[in-house]
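These are my notebook entries on a single chain. I wished to record how its strands and helices are arranged.

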Amino acid sequence: MRTVTGTARPGLRLLALPHSGGRAESFTAWRAPLPAAFPETAVELCAAQYPGHGDRLAEPPMEEVGAIAEEIVADLARLPPADLLLFGHSFGSAVACEVARRCPGAGIDVVLLVASSAWAPGDPARSPRDEHLLPDEELWERLVALGGVDPGIAAETEIRDLVLPAIRADIGAHERYLGCPDPVSLSCDVHACMARGDPLVPVLAGHYWSRLTTGNATVDIRPGAHFHLFDDPAPLLADLARRVPTHARKGRTAHE
């Protein structure tokens, strides 16, 4: 886990969980609009760095969502206490589910789980897929078409060969998790954040997230495509701030 924006006494910890192949560094774009979105709260912005990604490229990727979540919760337990807002994008939403399931046992209070552009586990509307078994070139082409690969490196076969094993491991872990027959049971509030132009996850998939929790569940449909969260993060973060419970949103201020 990497700290993107730190604060000495956080009132709220916002943990971003990236998509398949995503890196913690992607969320540096959230640093500038964050204070305006949470003006009354000292927010610590963190982002998960999965093994095999970013500065952990030399490590073998993990192939099970639960194992990734275990590592993240162990990291969270070592940090100063703060209410936790989980933001999982695509594959990161699966990781967020398992982090949220483990947090009560670690004494961590999850005030909201945000599932961005993601199928809920167990949703029968999702057809089974085995994209992680596709040949390298076909899988890479699909990722490029979706917008998950920087156009500047899309044609670089050396980079493709370097990062594709971790991406393939993420996709495989995600596909197995979504198809697991065991129901996910959460108690925190859940917000599904869908994109109108997403070719991968239809907006109606957002409603199934309500079946996973005994807490409150909401759905929002935003402009953009699958990677909407990086298009214009300011209104997205402002919307999330309004959805955080008042007791967490008005925690310690940045001036304390």
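Entry 1, helix packing. Before reading any angle, I fixed the convention: axes are lines fitted to C-alpha atoms, for helices over the stretch in contact, and angles between N-to-C directions run from 0 to 180 degrees. The model I examined is a predicted one. I looked up helix H4 (residues 136-146) against helix H5 (residues 157-178) and found an angle of about 80° between them, with the axes 11 Å apart. Angles of 65 to 115 degrees count as roughly perpendicular, and H4 and H5 are therefore roughly perpendicular to each other. On the H4 side, I listed Asp 136, Glu 137, Leu 139, Trp 140 and Leu 143 as making the contact. H5 contributes Arg 160, Val 163, Leu 164, Ile 167, Arg 168 and Ile 171. Sorted by class, this contact holds 7 nonpolar and 4 charged residues, and no polar ones.

Entry 2, the sheet. I traced an open sheet of 7 strands with mixed pairing, in the order E1-E3-E2-E4-E5-E6-E7. Strand E1 (2-5) and strand E7 (217-222) are at the edges with a single partner strand each, so one side of each has no neighbour in the sheet. From one strand to the next, the twist averages 20°.

Entry 3, strand E5. Is E5 (residues 110-116) enclosed or open to its surroundings? I noted that 7 of its 7 residues are buried, so the strand is largely enclosed by the rest of the structure. E5 pairs in the parallel sense with strand E4 (residues 83-89) over 6 bridges, and also in the parallel sense with strand E6 (residues 190-195) over 4 bridges. I followed Ala 115 across both pairings: Gly 88 is its bridge partner, and Ala 192 in E6 stands opposite Ala 115. Further along, E6 and E7 run parallel and are joined by 6 bridges, with Val 190 bridged to Ala 217 of E7.

Entry 4, helix H3. I recorded that E4, H3 (residues 91-102) and E5 make a right-handed β-α-β unit. H3 packs on the sheet, where it touches E2, E4 and E5, and its direction makes about 150° with that of E4.

Entry 5, Glu 25. I located this residue in the loop between strand E2 (12-17) and helix H1 (34-37). Glu 25 is partly exposed, at a relative accessible area of 33%. Leaving aside residues up to four places away in sequence, it touches Gln 49 and Asp 55. I also checked Glu 175, 150 residues apart from Glu 25 along the chain; their C-alpha atoms are separated by 24 Å.

Note on methods:
Residues numbered from 1 in each chain as written. Predicted model: local features only at pLDDT ≥ 70, side-chain atom pairs only at ≥ 80, totals over all residues. Heavy atoms only, no water. Buried < 20%, exposed > 50% of the residue type's maximum accessible area, 1.4 Å probe, protein only. Pairing = 2+ DSSP bridges. Right-handed = clockwise from strand over helix to strand, strands pointing away. Parallel < 35°, antiparallel > 145°, perpendicular 65-115°, else oblique. Contact = heavy atoms within 4.5 Å. Nonpolar A, V, L, I, M, F, W, Y, C, P; charged D, E, K, R; others polar.
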